[in-house]
Amino acid sequence: MRYEEPVFRPPCEAGSLIIQATIGCPHNKCAFCGMYKMKKYRVRPLEEIHQDIQMARRAWGEPETVFLADGNTIAMRTDDLVQVLDYVREAFPDVRRISCYGGARFIKGRKVEDLRRLKEHGLSIVYMGLESGDDVILERVNKGATADDYVRAAEKLRAAGIELSTYVLAGLGGRERTREHALGSAATLNRMKPDYIRIRTLVFLPGFPMYDDVQSGRFVECTGREIAEETRLAGEPGRRRRAIPQRPRLQLPSDLRQAAPGQRQDAWRHRRGAGAPRQPHARPPRDHFALEPAKCTNGAWHRRCVSSAFRSRGIRSRWASWG
Ligand code: SF4
């Protein structure tokens, strides 16, 4: 396979074979996105894509899932995309899922019959960045689509039987529009009815168009707590179509419930058998760790301590690298 880097994919496509059907993003103007700024959008020649799929067949064997990169492969002509889907299914007859990124701007104008053809030829899911359901924010970040466009695009995908996974960018409204961002996104998601909703947190890196706004103070970033509050507000029951039933609260045992709040700890110790020696923490088997584990101040041997100890020494623990 030949890749024009950098190559991006949704986290849930980590195990997928990635085939670059297009290079870059045909919109490429979103102010918070620097993914494809170094690339000029083009559709790769079908022959080249076919060769890549054949190479992948020899190198990979049978992948279960295939992701068609780059940023907006849904923008390809329907006939071409159908051809690519056929190449994939011909090379990998047992493939379980074929997916790609797709912006509302490139879906809302398409005929449902075209989308249905894509579904029939194997396109199972489209990943779409809503980012925000608030039109003011969408315009500020040059998203090129309104909340209504997203709803229309989602309706078309649903009518065609293609699954939709959509992303919201927490913090995109900044401190100024955090409330509008939360409520507008919840309202738009309720209208879109996607199959999956994923929340990502906004991060700025030098070179991103909005980075200068942050540096100059034109855009005031939310703190972590404000982002948590924004996410809570968006998911609050009453703003959903159906409220999630409240989980039962943890019930304290009756003897602890009856103890005065200040005496609950004593009651708890009494319950455990006051003065009973604490069970020592078992030390994990040696081969459980990449290196000698560190001991926590409370005498326990546990992963977090080890992991952070490794990290503080600049060594990646095995489980850190799994993450
Ligand atoms: S449409 Fe997606 S890939 Fe293209 S610039 Fe916007 S966020 Fe980036």
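The following questions and answers walk through a predicted model of one chain.

Student: How are the residues numbered, and what is the model?
Tutor: Residues are numbered from 1 along each chain as its sequence is written. The model is predicted, and local features need pLDDT of at least 70, side-chain atom pairs count only at pLDDT 80 or more, and totals for chains, interfaces and linings use all residues.

Student: How many helices and strands are in the chain?
Tutor: Helices (H or I, at least four residues) and strands (E, at least two) are DSSP runs, numbered from the N terminus. By that rule the chain has 13 helices and eight strands.

Student: What percentage of the residues of the chain count as buried?
Tutor: A residue is buried if 20 or more other C-beta atoms lie within 10 Å of its own, exposed if 12 or fewer, and partly exposed in between, with C-beta atoms placed from the backbone. The chain has 323 residues, and the share that count as buried is 31%.

Student: In what order do the strands of the open sheet stand, and which are the edge strands?
Tutor: Two strands pair if DSSP finds at least two bridges between them. Six strands form the open sheet, with parallel pairing, in the order β1-β4-β5-β6-β7-β8. Each edge strand pairs on one side only, and these strands are β1 (17–20) and β8 (196–201).

Student: What is the average twist from one strand to the next?
Tutor: Axes are lines fitted to C-alpha atoms, for helices over the stretch in contact, and angles run from 0 to 180 degrees between N-to-C directions. From one strand to the next, the twist averages 25 degrees.

Student: Which residue in β4 stands opposite leucine 17?
Tutor: β1 and β4 run parallel and are joined by four bridges. Both faces of β1 are covered, with Leu17 and Ile19 buried on one side and Ile18 and Gln20 buried on the other. Opposite leucine 17 in β4 is valine 66.

Student: What is the bridge partner of threonine 65 in β5?
Tutor: Strand β4 (residues 65–69) and strand β5 (residues 97–101) run parallel, joined by four bridges. In β5, threonine 65 has as its bridge partner arginine 97.

Student: Why does leucine 68 count as buried?
Tutor: Leucine 68 is found in strand β4. Two residues are in contact if their C-beta atoms, placed from the backbone, lie within 7 Å. Beyond its neighbours within four places in sequence, leucine 68 is in contact with Ile19, Ala21, Thr73, Val84, Ile98 and Cys100. Leucine 68 is buried because the number of other C-beta atoms within 10 Å is 25.

Student: Which helix gives the largest share of the largest nonpolar core?
Tutor: A nonpolar core is a set of buried Ala, Val, Leu, Ile, Met, Phe, Trp, Tyr and Cys residues joined through C-beta atoms within 7 Å. The largest one has 58 residues, and Leu68, Val126, Tyr150, Leu157 and Ile162 touch the most other members. The largest share, seven residues, comes from helix α6 (residues 147–160).

Student: Which residues around the ligand are there, and how many of the shell are charged?
Tutor: A residue is near a molecule or strand if its C-beta atom, placed from the backbone, lies within 6 Å of it. Around the ligand are Cys25, His27, Asn28, Cys30, Cys33, Met35, Tyr36, Gly71, Asn72, Gly103 and Gly129. Ala, Val, Leu, Ile, Met, Phe, Trp, Tyr, Cys and Pro count as nonpolar, Asp, Glu, Lys and Arg as charged, and the others, Gly among them, as polar. The shell divides into five nonpolar residues, six polar and, for the charged kind, no residues.

Student: Is asparagine 28 buried or partly exposed?
Tutor: Asparagine 28 is in the loop between β2 and β3. Its phi is near 55 degrees, a positive value in a residue other than glycine. Because asparagine 28 has 18 C-beta neighbours inside 10 Å, it counts as partly exposed.

Student: Where does glutamate 131 lie, and is it buried or exposed?
Tutor: Glutamate 131 lies in strand β6 (residues 123–131). It has a positive phi of about 70 degrees although it is not a glycine. With 25 C-beta neighbours inside 10 Å, glutamate 131 counts as buried.

Student: Which residue does a cis peptide bond join to alanine 69?
Tutor: Omega of this bond is about 0 degrees. The residue joined to alanine 69 has its place in the loop between β4 and α2 (78–91), and it is aspartate 70.
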